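User: Could you take a close look at one part of this model for me, the aromatic side chains, and then follow the thread outward to whatever they lead to? Keep it relaxed, but give me the numbers.

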Amino acid sequence: MDRKKRKLESGDRQDDDRLRILDSFEGFKVKSVISENSRCKTAVIHGELDGKDAIVLLERKPFNLSNVSNYFTEETGLENTLKNDIYGTYDAYPPKVENAVKAVVIHPATEKHVQKYTDQERYIVHETPSLYEQVTLPLITSKQFSIQWVYNILEKKKEADRIVYEDTDPDTGFILLPDMKWDRTDTSALYLVAIVHKHNIKSLRDLDTGSLPLLQNILKKGLKAIQDTYDIPASKLNVYIHYQPSYYHFHVHFTNVKFEAPGFGADRAHLLADVINNIQLYGDFYKKKTLTFLVREQEDLYMKFKDAGYFDCSEEVSVEK
Ligand code: G7M
């Protein structure tokens, strides 16, 4: 179906007042490339659409190996770039169906989104409990990314058809569904998130003995749901929590061990099984632990730690007692 016709049929479908479902990038004005990673084959573009800021995350998809013969037909054009003896290199142009580039569109994007995706200097913070109380907590209670998308999922207003598993218990229940970063086809890059129904857990810092039934439930039932749905066993999955998270409504990441998920580094990921074990050993572990994470120089959290004098003398900090 041609694009114009599709556009007429979808009638510039207005999903709601926040998100117009796009048929093309017609009218999109590129402002700048705000980050790029040639190894991961990703780029983030800051642009403008309908007079409002937009962020587009572009990612080359993995090869579709279940239909690999699709690449080897007369439909794939070849341009020779080198020929030497038995060695030839080519630029290959596979058919459209095998050529998709994943594009995540955030529109309208806020200044915070632009900051989040812009390449910038990174700094390590060792957050003691008192730094948490005095620097981090006031910031996350006053200012954070909107978590409307989380409520939309929990209230089944969005992504309901994507739910892989739900436990409806208000205290220990959760919804397990594909992370927006996953294309839902390549299970070697499987990426799901479990979002809890309970509303008052901001992050790892809020977890204690009382959280154990919830954490154990997510681990057990999340793993079982993935085994049942995708035939991937627990031994092939990383299950973890980000600290700091981007969104302060408690959620857990499930990724295939084959996939080098962004945010799986020692500066951000805490394995759920270890978190459970730490709390079993010491109920208030995460209230007392110094937690280490990265901040990026345009983030509010970096500014707050900087204002508190943290980077002047990273060991002795002015707000420390
Ligand atoms: O860093 P943090 O632990 O807060 O991770 C949040 C996760 O939620 C990331 O892996 C995002 O890709 C994912 N995510 C963010 N948004 C806005 C959405 C969304 O609207 N739908 C889904 N399914 N996942 C999202």
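Analyst: Let's begin with F63, which is exposed because its relative accessibility comes to 64%. Keep in mind that this is a predicted model. F63 belongs to a nonpolar surface patch of about 510 Å², made together with L65, V68 and F72. V68, one of those patch members, sits in the loop between β3 (52–60) and β4 (77–84). Its relative accessibility is 38%, so V68 is classed as partly exposed.

Now for the rings themselves. A pair of aromatic rings is described by the distance of the centres and the angle of the planes. Counted that way, with centres within 6.5 Å, there are 16 aromatic pairs here. One of them takes us straight back to F63: its ring centre is 5.8 Å from that of Y71, with the planes at 75°, so the two meet edge-to-face. The partners sit in opposite surroundings, since F63 is exposed at 64% while Y71 is buried at 10% relative accessibility.

Another edge-to-face pair is W149 with Y247, at 5.0 Å centre to centre and 80° between the planes. This one links distant parts of the chain: W149 is in helix α4 (residues 148–154), Y247 is in the loop between β11 (237–242) and β12 (251–256), and 98 residues separate them. W149 is partly exposed, with 33% relative accessibility, whereas Y247 is buried at 16%.

Y247 has another contact worth a look. Its C-alpha atom is 7.4 Å from that of Q144, although the two are 103 residues apart along the chain. Q144 is in the loop between α3 (129–142) and α4, and is partly exposed at 29% relative accessible area. So what else turns up in the loop that carries Y247? Q244 lies between β11 and β12 as well, and the peptide bond leading into it from Y243 is cis, with omega near -5°. Y243 is itself one of the residues in an aromatic cluster, along with Y123, F293, Y302, F305, Y310 and F311.

One more ring has a charged neighbour: K112 lies over the face of F145, at 4.4 Å from the ring centre.

From there it's an easy step to the charged pairs. Side chains of opposite charge can pair when their charged atoms come close. The structure has 13 salt bridges. Among them is E48 with K31, at 3.9 Å from N to O. E48 is in strand β2 (residues 42–49) and K31 in strand β1 (residues 29–37), so this bridge ties together parts that are 17 residues apart in sequence. Both ends are partly exposed, E48 with a relative accessible area of 23% and K31 with 44%.

Two further salt bridges are worth naming. K157 and E155 meet at 2.9 Å, N to O; K157 is exposed at 53% relative accessibility, and E155 is partly exposed at 43%. K181 and D179 meet at 3.9 Å, N to O. Here the partners split: K181 is partly exposed, with a relative accessible area of 37%, but D179 is buried at 9%. Shared partners also join K31, E48 and D53 into one salt-bridge network.

The K31 and E48 bridge sits on a strand pair that deserves its own look. β1 and β2 run antiparallel and are joined by seven bridges, with S35 partnered by V44 in β2. Together the two strands form a hairpin with four residues between them, and K41 in that turn has a positive phi of about 55°.

That brings up the backbone. Most residues other than glycine have a negative phi, and most peptide bonds are trans. Besides K41, D50 has a positive phi, near 50°, and its place is in the loop between β2 and β3. R184 is another non-glycine with positive phi, about 70°, in the loop between β9 (174–178) and β10 (191–196); R184 is partly exposed, with a relative accessible area of 43%. As for cis bonds, H107 to P108 is one, with omega near 0°, and P108 lies in the loop between β6 (101–106) and α2 (111–117).

Terms used:
Residues numbered from 1 in each chain as written. Heavy atoms only, no water. Patch = residues over 30% accessible without salt bridge, like charges linked within 9 Å, V, L, I, M, F, W, Y side chains within 5 Å. Areas by Shrake-Rupley, 256 points an atom, 1.4 Å probe, with all protein chains shown as cover. Salt bridge = Lys/Arg side-chain N within 4 Å of Asp/Glu carboxyl O. Buried < 20%, exposed > 50% of the residue type's maximum accessible area, 1.4 Å probe, protein only. Phe/Tyr/Trp six-rings, centres within 6.5 Å; stacked < 30°, edge-to-face > 60°. Lys NZ or Arg CZ within 6 Å of the ring centre and 35° of its normal. Pairing = 2+ DSSP bridges.
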